[in-house]
Amino acid sequence: MEEKTKDFLAGRVKDLANRAYQNGFVTNTDFLSVSEQALFYQILSSEGVSSNVHRYCGAEYVVYGGSDDFERAMICFLPDYLDEETFLLSEKSENTVLKCVHITPLNNKFADDLNHRDYLGSVMNLGIERDQIGDIFAGDKEAYIFATPDIADMMEKELIRIRHTSVRCTVVNVSECNIVPKFEEISGSVASERIDAVLAFVYHLSRSEAQKLIESESVFIDGRTAYSGGYDLKPGARVSVRGHGKFIYEGTTNTTRKGRLFVQVRVFK
């Protein structure tokens with residue numbers, strides 16, 4: 001199920017956290033979208049748990065997507081003998097929570113130019129649910145897909161064609177994913193660092209259109225829902241906007257005589 005209800009997710013994460021804490025082993029959700037991760041933080045807030053503590057029902061948690069630039073991610077709950085650093089080091093070598101599938105054409109000469117949608121569509125056609133698949137990094141004649149371990153093994157055996165291209169799927173270590181997101185650097189002037197002002201600048205919207213996106217809970221800052229257009233962005237903030245894309249706010253570079261701010265943003269292509 002792609003969009004999990006708050007009650008469903010609340011029950012699920014509480015059960016996983018309790019099992020990790022009481023039974024002494026790692027537990028994890030399936031892959032959550034950005035909005036579902038924001039829902040998780042809402043659950044913490046509604047129960048009076050600070051998102052800065054990284055602990056829920058006695059268990060430390062890690063938001064883990066397999067790469068540095070993840071969008072879809074699992075919430076992993078750790079037993080007492082594991083901390084975040086040890087868990088991440090272990091995952092880089094053993095890949096027990098998620099795996100990475102490398103997809104390449106059998107014959108480059110006759111391969112289609114495949115994009116993110118092509119890869120995702122072919123995986124879904126195998127009957128795989130969206131929450132069992134993490135991020136897809138598509139490059140030139142290759143792609144890396146993060147998936148739950150059983151789904152990665154299934155893809156390695158059963159995914160043999162994407163569009164008209166015969167492909168080979170190989171489960172590799174997550175560290176072998178060497179495709180990095182592409183950005184477009186843009187800069188310009190805004191009235192302030194408020195999220196509504198920066199949104200309007202990045203996506204060529206009016207301030208009222210930007211505000212409507214925020215009011216519809218379609219804007220996420222560092223995985224958390226933005227509820228107010230008055231929130232000032234900090235350098236390094238990652239902003240995701242449903243239906244528009246995502247960007248990294250780099251901060252201000254200068255100020256005009258009239259007090260407007262020159263800002264720099266990296267927009268994901």
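Start with enclosed spaces: in this predicted model, the count comes to one cavity of 30 Å³ or more. The largest cavity has a volume of about 50 Å³. To find it, select Ile103, Thr104, Pro105, Ala111, Asp112, Leu114, Tyr119, Gly139, Lys141, Thr165 and Val167, which line the largest cavity. Now colour strand S5 (99-105) and strand S9 (165-172), each of which supplies at least two residues of this lining. S5 has the largest share, with three residues. If you colour the lining of the largest cavity by residue type, you will find six nonpolar, three polar and two charged residues.

**Next stop: the largest pocket**

Which residues lie nearest the centre of the largest pocket? Select Glu71, His116, Ile136, Lys246 and Lys269 to see them. They belong to a lining of 33 residues, and the volume of this pocket is about 1200 Å³. Several elements give two or more residues to that lining: helix H2 (34-46), helix H4 (116-124), strand S6 (133-138), strand S13 (238-241), strand S14 (245-255) and strand S15 (261-268). Pick out S6 among them, since S6 gives the most to the lining of the largest pocket, with four residues. Colouring by type here shows 13 nonpolar, eight polar and twelve charged residues.

**Two helices: H1 and H2**

You have already met H2 at the pocket. Add helix H1 (residues 6-23) to your selection; H1 and H2 pack with their axes 10 Å apart, at an angle of about 75 degrees. The two helices are therefore roughly perpendicular to each other. To see where they touch, show the side chains of Lys6, Leu9, Ala10 and Val13 on H1, and of Glu36, Leu39, Phe40, Gln42, Ile43 and Ser46 on H2. This contact is made up of six nonpolar, two polar and two charged residues.

**The four-stranded sheet**

Stay with H2 and bring in the sheet it packs on. Four strands form an open, antiparallel sheet in the order S1-S4-S3-S2. At its edges are strand S1 (27-28) and strand S2 (55-56), each pairing on one side only. H2 packs on this sheet, touching S2, strand S3 (59-64) and S4, and the direction of H2 makes about 160 degrees with that of S3. Zoom in on S1 and strand S4 (residues 74-78), which pair in the antiparallel sense over two bridges. Which residue of S4 is the bridge partner of threonine 27? Select phenylalanine 77 and you have it. Before leaving, show helix H3 (residues 84-94), which lies across S3 and S4 and runs at about 45 degrees to S3.

**Last stop: the six-stranded sheet**

Now move on to an open sheet of six strands, in the order S10-S15-S14-S13-S11-S12, again with antiparallel pairing. The edge strands to select are strand S10 (183-190) and strand S12 (224-225), each of which pairs on one side only. Inside the sheet, follow S14 and S15: their antiparallel pairing runs over seven bridges. For one detail, show phenylalanine 247, which stands opposite valine 267 in S15. Finally, add helix H6 (residues 195-203), which packs on the sheet and touches S10, strand S11 (219-221), S13, S14 and S15. Looking along S14, you can compare directions: that of H6 makes about 105 degrees with that of S14. S13, S14 and S15 also take you back to the largest pocket, as each of them gives two or more residues to its lining.

Conventions:
Residues are numbered from 1 along each chain as its sequence is written. This is a predicted model: local features need pLDDT of at least 70, side-chain atom pairs count only at pLDDT 80 or more; totals for chains, interfaces and linings use all residues. Side-chain values use heavy atoms; hydrogens and water are left out. On a 1 Å grid over the protein atoms alone, a cavity is a set of points where a 1.4 Å probe fits but cannot get out, and a pocket is an open set with protein on both sides within 12 Å along at least five of seven lines; lining residues have an atom within 4 Å of a point. Grid points are joined across faces, edges and corners, and a volume is the space filled by probe spheres set on the points. Ala, Val, Leu, Ile, Met, Phe, Trp, Tyr, Cys and Pro count as nonpolar, Asp, Glu, Lys and Arg as charged, and the others, Gly among them, as polar. Axes are lines fitted to C-alpha atoms, for helices over the stretch in contact, and angles run from 0 to 180 degrees between N-to-C directions. Angles under 35 degrees count as roughly parallel, over 145 as roughly antiparallel, 65 to 115 as roughly perpendicular and the rest as oblique. Contact means heavy atoms within 4.5 Å. Two strands pair if DSSP finds at least two bridges between them.
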